[in-house]
Each structure stands twice: as structure tokens, then as C-alpha cells.
Amino acid sequence: MLMLFFDLTKRSYSDKTIHMKSNNSCIVAPSMLSADFSRAGQGICLINESNADWVHLDVMDGSFVPNISFGPKFIKDIRKETSLPFDTHLMMSNPDILIKEFVDAGSDYITVHAEACTHLHRTVNTIHQHGIKAGISIVPSTEVSSIELMLEEIDLVLVMSVNPGFGGQSFIDFSLKKIMQLDAIRKERNLDFLISVDGGVNANNAQKIIDSGADVLVVGTTFFHSDDKKGIVELLHSCERS
Ligand code: DX5
Ligand code: ZN
């Protein structure tokens, strides 16, 4: 039997720049959570036409968060509608049980919550063994220090700037401190994980989020409630680090 050996002492897939942009503008990742699910294909079309970079997919299980959104079949069904990277955010308890299904559905990144994983190192390795990129997310009340040991192993840190479960909430300002902490560690230890921010991101706070060190802006309401989706993406792309 062909055994695929991975060097687990370091990340199996170190090419994290695969989805970075050619210029140094931020990555804009509209969240399908805020789309009209009865017209999901049109939602993807709007993202395609807006010059956004990624599609953010908020998976909610009603256990880890007090809401339920969609699962692997929804993601598989929309996969054929776009070639943009799928940034799958698993807001679920015990994500290990469905990692393969979310990989097979077409995810390029799978981000799990540190608070939902008993064996986070093993979960991250499992994602990498499937040949895709691994992210760790922390909710607002979780300190950066709790995932510091994992920062060399992962491709992305997702800082939740709202309490997860619903779109349309207000940005929690102390998230900026966490973004700055992560950026400082990244510089100090010469690491290259991406910093993504999810929740309450809008045209008014995007620049200070980028200035704090973020690379990826997840936008649900700001994107899907905008009449000028191309314009909002252009504005967010213009928020380069000062
Ligand atoms: C919360 C979700 C939301 C969503 C973005 O669990 O993860 O943060 O992606 O929604 P907005 O941009 O409306 O806060
Ligand atoms: Zn999310």
C-alpha cells in the first residue's frame, strides 16, 4: 500500500504565498454567510465580479456557536462556480470528524478553532496531510499566547473580532491588540503565517486593521449589503499598510 510520508517536524506545505497577491494589498474575502442562500450561485457570481480574492465559508454547527449555516455539500455545490480560493472557517465542535469531507468539497484553507480542538497539533497535521493549508482561529476572549506554540505550524491565524455565530455584529476594538501581538511575533520569529480578521470589518475600520498587521479582511455584511461591491473591494484593497 502506498504510504504517503509527510515530514511532520515541519509543515508539509510551506508555500503559503500560493494565494498571496502579486502587489502587497490586502486579501479581501467576502463571507457567504451574508449571501442569500436561495441564490447561492448568484452570491458567488457577485464575489467573482467584484475582484475579491477569496471566498470565506462560515461553517456553523449549532454546538460550538449558537447558529447553523451549511456543510460540505453546500461547499461542493458552489465549488464549480468559481476558481477563487475557498477559505473554510469551521465554527464547529470536534472538527476532526469532517476534515476530509471539507477537503473533498474543495477547500483551499481549513481553519479550526483552538477552543474546539483537544489535540490542535494533530488536527493541523491532519489538514496538512490532505495537502491544503491550515488555519487556527481564536474567539475574542482567547489570548494569542494560547496558540503561540502552533504559530510555526500554521499558514493562517483567524482573529475573530466578533463573538462567532452571526454576521452583522460590531467590531470588538481590543482585537487590534491581538493582531499587533501576532504581527510582532511573526516579525520577531521570522514566521510567515497570514493574519486574517473576521467580524464587523468595514470601510471605516479596515485601514486600522491593516495597519495593526492584518493581511486578510473577511467581510460579510459590508460586502453583501453594499450596492457597489466592486467599489467596496477596491476601497478595501487600497488599505495598504502605512
Ligand atoms: C461570525 C462570522 C461573521 C462573518 C462576517 O461567526 O464569521 O464574522 O464571517 O460577518 P460580518 O462581516 O457581517 O461581521
Ligand atoms: Zn468566518
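# Ligand and zinc sites in a predicted model

An oxygen atom of ligand 1 lies 2.5 Å from an N or O atom in the side chain of T221. The protein covers 99% of the 370 Å² of accessible area that ligand 1 has on its own. The structure described here is a predicted model, and this report treats its ligand site, its zinc site and several loop residues in turn.

**The surroundings of ligand 1**

Ligand 1 is surrounded by 19 residues, and the closest are D58, G165, D198, G220 and T221. By type, the residues of this shell divide into nine nonpolar, eight polar and two charged. Besides the contact of T221, ligand 1 has a contact with D58, in which a polar side-chain atom of D58 is 2.5 Å from an oxygen atom of the ligand. G168 takes part through its backbone: one of its backbone N or O atoms lies 2.8 Å from an oxygen atom of ligand 1. The elements that give two or more residues to the shell are β2 (55-60) and β8 (216-219).

**The zinc site**

Ligand 2 is a zinc ion, coordinated by H56 through NE2, D58 through OD, H89 through ND1 and D198 through OD, at 1.9 to 2.1 Å. The angles among the four donor atoms run from 91 to 155°, and the site is irregular. For four tetrahedral donors, the ideal angle at a metal is 109.5 degrees. Along the sequence, the donor residues follow the spacing H-x1-D-x30-H-x108-D. H89 belongs to strand β3 (residues 86-91) and D198 to strand β7 (residues 194-198), so this pair ties together parts that are 109 residues apart in sequence. Both H89 and D198 are buried. D58 and D198, two of the zinc donors, are also among the closest residues to ligand 1.

**Loop residues**

Four residues in loops are set out below with their relative accessible areas.

| Residue | Relative accessible area | Class |
|---|---|---|
| A214 | 4% | buried |
| D108 | 23% | partly exposed |
| N94 | 40% | partly exposed |
| N190 | 69% | exposed |

A214 is found in the loop between α6 (206-211) and β8. In space its C-alpha is 7.9 Å from that of C26, although A214 and C26 are 188 residues apart in sequence.

D108 sits in the loop between α3 and β4 (109-113). Its side chain makes a polar contact with the side chain of R79, at 3.2 Å. A polar atom of the D108 side chain also lies 2.7 Å from the backbone nitrogen of F86. From C-alpha to C-alpha, D108 and I132 are 5.6 Å apart, with their positions 24 residues apart in sequence counted as separation.

Two asparagines have positive phi values. N94, in the loop between β3 and α3 (99-104), has a phi near 50°, a positive value in a residue other than glycine. N190, in the loop between α5 (175-188) and β7, has a positive phi of about 55° although it is not a glycine. In accessibility, N94 counts as partly exposed at 40%, whereas N190 is exposed at 69%.

Technical notes: Residues numbered from 1 in each chain as written. Chains lettered and ligands numbered in written order. Predicted model: local features only at pLDDT ≥ 70, side-chain atom pairs only at ≥ 80, totals over all residues. Heavy atoms only, no water. Near = heavy atom within 4 Å. Polar contact = N/O pair within 3.5 Å; in protein donor to acceptor, adjacent residues only side chain to side chain. Areas by Shrake-Rupley, 256 points an atom, 1.4 Å probe, with all protein chains shown as cover. Helix = DSSP H or I, 4+ residues; strand = E, 2+ residues; numbered from the N terminus. Nonpolar A, V, L, I, M, F, W, Y, C, P; charged D, E, K, R; others polar. Donors = N, O, S within 2.8 Å, 3.2 Å for Na, K, Ca; no water. Tetrahedral: all angles 85-135°; square planar, octahedral: opposite > 155°, others 65-115°. Buried < 20%, exposed > 50% of the residue type's maximum accessible area, 1.4 Å probe, protein only.
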